[in-house]
Amino acid sequence: MPITTIEDRYDRATIALHWITAGLVAFLWIFGQTADLFPRGPLRTGVWSLHVTLGFALALVLIVRILWRAGPGRGLPPAENGVLHLVAKVTHYLLYVLLATAIGLGIANAFVRGYNLFGLWSLPQIGDPSLRRPLTGWHGLAANAIMIVALIHAGAALAHHYLWKDGVLRRMVSARGG
Ligand code: HEM
Ligand code: HEM
């Protein structure tokens, strides 16, 4: 029996940070997979520049999210019991670890390239430029791993909502009274 009740809700900031993270990750993955389909030139450069800029924004959002969760963010009783609780917890930690890994590799990649953003401003070139290829490969792998785990995670949230008809998805969708 899930111990979540309809009254359990995350606070507005936790909910906003969760969905901003999910939106940015989806955007970054789609841009990352499709940017090279654009013809070489300002359009492709612009899409990659947007990817790197939103990537830095996601890094900031993740830091704020972790600080908020460790501090004033509302903690809720587990949505599951026993082994399912463990699976949910491991999945959530894995998502945080994969996010930090993909972001760390993305930032390292941008600096070894001395990335030029929108043809306007270049990041300082730091480190060995020949690392760009392996860093791009590992970054792409971490990005794909996030998508796989996030899809399983989203599937579980939808199963809670439509199959088990409990309040688990609702508590991450709207704050109480909101
Ligand atoms: C979790 C968030 C992110 C996702 C899902 C993501 C996804 C991707 C994907 C799928 C690629 C293509 C990899 C390939 O070609 O094999 C890519 C490339 C890249 N990403 Fe990300 N990325 C993320 C965050 C970041 C961040 C934070 C930065 C830096 C601030 C960044 C910088 C780059 C760079 C520099 C490239 C290579 C660009 C090029 O080939 O010109 N990414 N990303
Ligand atoms: C890239 C996309 C996503 C990422 C990276 C992500 C990440 C996370 C993380 C790390 C947590 C744990 C929060 C914490 O305790 O600190 C969480 C919770 C949650 N997520 Fe996601 N999420 C994503 C997409 C989704 C989607 C699409 C759904 C719904 C269909 C969803 C529904 C939920 C729910 C309901 C919770 C609360 C679970 C609970 O209270 O036990 N997430 N998410």
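Which of the 25 residues around ligand 1 come nearest?

**Close-up 1. The surroundings of ligand 1 in the predicted model.** Among the 25 residues around ligand 1, those that come nearest are G32, G55, G106, G140 and A143. Two or more residues of this shell are given by each of the helices α1, α2 (42-70), α3 and α4. Sorted by class, the shell around ligand 1 holds 16 nonpolar and 9 polar residues, with no charged residue in it.

**Close-up 2. The surroundings of ligand 2 in the predicted model.** Here 21 residues lie around ligand 2, and of these A22, A150, A154, A157 and M172 come nearest. The elements that give two or more residues to this shell are α1 (12-34), α3, α4 (132-162) and α5 (168-171). By class, the residues around ligand 2 divide into 15 nonpolar, 4 polar and 2 charged.

**Close-up 3. L99 and its neighbours in helix α3.** The residue shown, L99, belongs to helix α3, which covers residues 82-113. L99 counts as buried because 24 other C-beta atoms lie within 10 Å, where the cut-off for a buried residue is 20 or more. When residues up to four places away in sequence are left out, L99 touches L62 and I146.

**Close-up 4. L99 and T21, two residues set apart along the chain.** Although L99 and T21 are 78 residues apart along the chain, their C-alpha atoms are separated by 9.5 Å in the model. For orientation, L99 sits in α3, an element that gives two or more residues to the shell around ligand 2 and also to the shell around ligand 1.

How values were computed. Residues are numbered from 1 along each chain as its sequence is written. Chains are lettered from A and ligands numbered from 1 in the order in which they are written. This is a predicted model: local features need pLDDT of at least 70, side-chain atom pairs count only at pLDDT 80 or more; totals for chains, interfaces and linings use all residues. Helices (H or I, at least four residues) and strands (E, at least two) are DSSP runs, numbered from the N terminus. A residue is buried if 20 or more other C-beta atoms lie within 10 Å of its own, exposed if 12 or fewer, and partly exposed in between; C-beta atoms are placed from the backbone. Two residues are in contact if their C-beta atoms, placed from the backbone, lie within 7 Å. A residue is near a molecule or strand if its C-beta atom, placed from the backbone, lies within 6 Å of it. Ala, Val, Leu, Ile, Met, Phe, Trp, Tyr, Cys and Pro count as nonpolar, Asp, Glu, Lys and Arg as charged, and the others, Gly among them, as polar.
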